[in-house]
Amino acid sequence: MTTVGDRKPAGFEDNDQHPVGHGRMLRKEDPRFVRGRGNYVDDVQLPGMLHLAILRAPVAHARLVSIDTTAAEAHPKVKAVVTGATLETLNLAWMPTLSNDVQAVLVTDKVRFQGQEVAFVVAEDRYAARDALELIDVEYDVLDPVIDVRRALEDAAPVIRDDLEGKTDNHCFDWETGDAAATEAVFAKADVVVSQDIVYPRVHPAPMETCGAVADFDPVEGRLTLWSTTQAPHAHRTLYAIVAGLPEHKIRVISPDIGGGFGNKVPIYPGYVCAVVGSIVTGKPVKWMEDRSENLVSTGFARDYVMRGEIAATRDGRILGIRTHVLADHGAFNGTAAPVKYPAGFFGVFTGSYDLEAAYCHMTAVYTNKAPGGVAYACSFRITEAVYLVERIVDCLAAELAMDPVELRLKNFIKPEQFPYTTKTGWVYDSGNYEPTMRKAMDLAGYEDLRREQAEKRARGELMGIGVSFFTEAVGAGPRKHMDILGLGMADGCELRVHPTGKAVVRLSVQSQGQGHETTFAQIVGEELGIPPADVDVVHGDTDNTPFGLGTYGSRSTPVSGGAAALVARKVRDKARIVASGMLEVSADDLVWDKGSFHVAGDPSTAVTIQDIAMRAHGAGDLPEGYEGALEAQITYNPPNLTYPHGAYICVVDVDPGTAQVKVRRFVAVDDCGTRINPMIIEGQIHGGLTDGVGMALMEIVAFDEDGNCLGGSLMDYLLPTAMEVPDWETGFTVTPSPHHPIGAKGVGESATVGSPPAIVNAVVDALAPFGVRHADMPLTPSRVWDAMRGQARPPI
Amino acid sequence: MQVSMTVNGEEVTREIEGRLLLVHFLRDVLGLTGTHWGCDTSNCGTCVVWLDGRPVKSCTVLAAMAGGHEVRTVEGLAQNGELDPVQRGFMECHGLQCGFCTPGMMMTARALLNENPDPSPDEIREAISGQICRCTGYATIVRSVRWAAAYEADQRADADQPAEPAATTGGAP
Amino acid sequence: MQVPAPFEYERATSVDHAIGLLERLGGSARLVAGGHSLLPMMKLRLANFEYLIDINDLRDELGYLDVRTDEIRIGALTRHRELLESDELAAAFPIFRDAEKVIADPVVRNWGTLGGSLCQADPSEDLSAVCTTLDGRCVIRGQSGERVVPMTEFHRGPYETAVGDDEILIEIRFPVRPRGGSAFEKVERRAGDWAVVSAGAAVWLLDDGRIADARVGLAAVGPNTTALPEISAALTGREPSEELYDEAGRLAAQGCRPESDMRGSEEYKRHLAGELTKRALRRSVERARERG
């Protein structure tokens, strides 16, 4: 009997199973996942565990008149029914959002969006909990909702946030960046000014695993253990301590395996708080898992920006300035998860990859009767919107100038010698070398041939489009002096312990939702210590067992925590040098590091390995003066700047002239994320983001009818791309290391989600150029493309 | 009511409610949490298991309907402790990230290879078109299934060599 | 995850047993086969029944494809996958394979059934359009015996059929005529989605190449699958040509009653009804000619 041995079929890329450090390596987490042995929140089963279900508002705006829970309480399997009134007595009816607003945990006064939490039931099983919701009788006094974001500030608009003292309108905030006067001046002198209204519709991250939690409150110890679908366990723990008044050291937040996050699992949702209250009230562990509709209608959406972009240029294609006005729909509560000083996230990078003379943005954010959120879906804190705006408006300019869109971009790129480059909105791009990345994408795509093919097809009446985008992202929040969330600085801790036999454990403050941290971080440490990544165990997602840090989102794990992991390993290496100097009886300065061992300069035969050193450091023998023993270290890494990955994307589409269906035929993505730790994982991150882009560009939208009913409340209505809509991705890379990151790496997790939508939309608009189309808003469903072909392109909202 | 069925080769009998969904029977009653669920409308396919050798969406099948039938889940994919080539392919080709859709994807992939040992990339895409993955962008899933197909083709070629002992890849009943 | 309200589960052992149960339980009971339309509705609590009667054991009685020279009879419990894979069916009516390739997804097709699709009576359901196009006859059995209802009378409105509370759809029959060709065209926003619009066409040619008869069935452009007799009238006796397809497309666009929704505007759906009718007819004629 032949066993399934190590041999692999021919024609597949070989993975290095024993790298020391960076390189293509299989993931350490996969053996459990392929056996069905992951441990997700809904897999957690505790003795005596009860199940929680939430009653949600059927309407978007209504005054709560009364709730009758008698019948539900009489259900034989129901253990508790809790309403907003109950929570008020506990002072838990409202909770802070991540943007210094407040959000109702359960409605006490007024329903503010369809799907808002009204009451919850705790019962013996999930079926009974769901049944009991039907037995709660709620009377609503329905109010006119504010749905159209453009009308939210009208005098006649009903005031949504009458809970805020003195609030008489639906204004959320105003924000501006750049220099209005300087921008006006360059627009005044420009040969050409192009203006375009652009909508980035409301979309939803929709991870395959919905949000949920298991809360286990031990009344004797006063200790809360919370398994939760969170991308930021430490930040959540601190907030629970503040909201619920529980001592922080008595709270343990565990974020086990997470079935995708994409920003959806950054905020604290009312459901988590309900689970905690449910456990406190019943004295039993309580599980809450959203169903898909709850996830889509109530948890963090993304985008919803109504933008006007303006671009000024000389006749020969020198871009002078960009100006934008944005109307932002924040829903009923400002639940944006972004650093406090950045209410619009990092939208300020809308100046793109171009060397401008001036730029300016003015934004107005409003409340509407829709679910809260805004920053999610791999958006790198609103960079998705910014990149879409600039890459769309640059294409509009190219059309106006009758210039090739690639030529226009090449002409205006920030030059390599200009880095670090301070943009006109104050961002300091750390490094970049744009032209080679663009050229590489053109080579991979065969750009000139594609343009020839397009010309031939156009002559035959066929609709083929070629779309280009070039993005620069700002990821890795961030420097503590600029960035905090609710006052918590965005630095990351890291601890590394090398055991006596030379095996190591590294404890991270960030948490994986599929990014492969258990592999990547083992590789970072392996590279620095010269030991195999297989010998490095990665611990994450458990506040009791990891150092403090703000979690995984905004592509920050590698830029921040990755820096921490490299530096903590170097700190251990420095300690190892001291131990080695004792072992070799030479001064530490006379030792040479050779990836995994120290030897006396000039004599490699004297080498002692990290494993030797680790045993010595824990052994009974003598250690150098002042060295107490063990081989471990801990640090907190406060990054000096963000990292700025970039990329060039080229998309080829075909549009059926009869049905207006769009087929993405090819997609070429060349990314530059600096130093590459595991190319296989990087490629996976890119592929996933490109697929998000196809979804957003072609099919995804959370729409509402005029009564505020959500029209995207199930996966029948909120469409996500399948294997049939996406091409076989063609990827390439260039490497421009970050000058300030300890290993030169930049974040990459969201690059493709950010960069791909404009490439696809630019391609569709290019395909429709024979009809005189210059812009069409997402999602480019067949019906909407057909409208555009007939000169009737409409905004989706 | 009482229901009996074969799950991963073992006969199980349990007292259940008539409305219990097969996915909950597997996860909550039998503790086989490798099968996940991701929607309520049979659109996402994270709950795919085999019913009598064919992939079905277990969120849309009653446990009672599976009574008297054979169910196989991701936990039953490896045979005698040896990974199925599909499982290996997913690891080799980075066919998974968060791992949530993976069990369903692999069950469909295994069923496809049982019927069509040499599927084209387009045939693989078609086979998994009722299953959503938010992480991988599908290309690596296609490669993973191709890896398993190529691996099994190699094994069959070896089996045809008289000098070699008989090959087995496991997993395909 | 959403779960259905409580109900009693019964497993039918024969068609007669199922009918007996239905007679006893009346409107509080519902048959379940694949369940892929019914169970999601029950999970969303848009539909509630006290009893579900599982007919999946009735494969011997209801799961068959009986291909005869003059008629094809398909049991209601035949699964989508079987309709897709049957070479005999594809030879007689290629429209089935066209449609089944784009109905839901392969995993759903493993379990969903022909009878379930028809009885759900969703106006966007593709297989209903196929059966309408092929002039299917629905055999409905009750305690008092069988009756045959043409597809055009089977759907009584959205989610309403001619099948009574104590009856069961057991079979669909399709007349087979010489020199026929058929095809199905669908526009969907994404694989597996319900149709924005779909169109089935079937054409039978005379020996001289003129059209003996032609039928078109549309889905998602009215309260029920839409048969368009005016197209049949306009095409009969005519020589197939692009102009003729254009004319049929115009009639389809005029004759349907779509509504604007997230899948598309009313105007676009009318356009598609015309465009897809043209494409389906063109392909049907090509296929009829190939068969000689």
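In this predicted model, the contact between chain A and chain B draws on 70 residues from chain A and 60 residues from chain B. The two chains bury about 5,600 Å² between them. Carbon and sulfur atoms give 55% of that area.

Polar and charged pairings also occur across the A–B contact. There are 8 salt bridges between chain A and chain B. One of the pairings that meet the salt-bridge rule joins the side chains of D692(A) and R134(B), at 3.7 Å from N to O. In addition, 26 residue pairs are in polar contact between chain A and chain B, with both residues at pLDDT 80 or more. Four elements of chain A, namely α1 (30-34), α4 (126-133), α8 (292-298) and α16 (679-698), give two or more residues to the side that touches chain B. The largest share comes from α16(A), with 9 residues. By class, the side of chain A that touches chain B has 31 nonpolar, 20 polar and 19 charged residues.

Chain A itself is divided into three domains. Domain 1 is made of three segments, 42-143, 228-247 and 265-281. Domain 2 combines 301-477 with 641-789. Domain 3 spans 492-637. Over C-alpha atoms, the centres of domain 1 and domain 3 of chain A lie 44 Å apart.

Domain 1 and domain 3 of chain A are in contact, through 9 residues of domain 1 and 13 residues of domain 3. About 850 Å² is buried between these two domains of chain A, and 63% of it falls on carbon and sulfur atoms. On the domain 1 side, the most area is lost by Q231(A), P233(A) and H234(A). Together, Q231(A), P233(A) and H234(A) account for 63% of what the domain 1 side buries against domain 3. The salt-bridge count between domain 1 and domain 3 of chain A is 0. Polar contacts are present, with 4 residue pairs between domain 1 and domain 3 of chain A, both residues of each pair at pLDDT 80 or more. The side of domain 1 of chain A that touches domain 3 comprises 4 nonpolar, 4 polar and 1 charged residues.

Chain C was also assigned domains. The assignment gives domain 1 (8-54), domain 2 (59-175) and domain 3 (180-291) of chain C. The centres of domain 1 and domain 3 of chain C, taken over C-alpha atoms, are separated by 35 Å.

Terms used. Residues numbered from 1 in each chain as written. Chains lettered and ligands numbered in written order. Heavy atoms only, no water. Contact = heavy atoms within 4.5 Å. Buried area = accessible area lost by both parts, 1.4 Å probe. Salt bridge = Lys/Arg side-chain N within 4 Å of Asp/Glu carboxyl O. Polar contact = N/O pair within 3.5 Å; in protein donor to acceptor, adjacent residues only side chain to side chain. Nonpolar A, V, L, I, M, F, W, Y, C, P; charged D, E, K, R; others polar. Domains from an automatic or database assignment.
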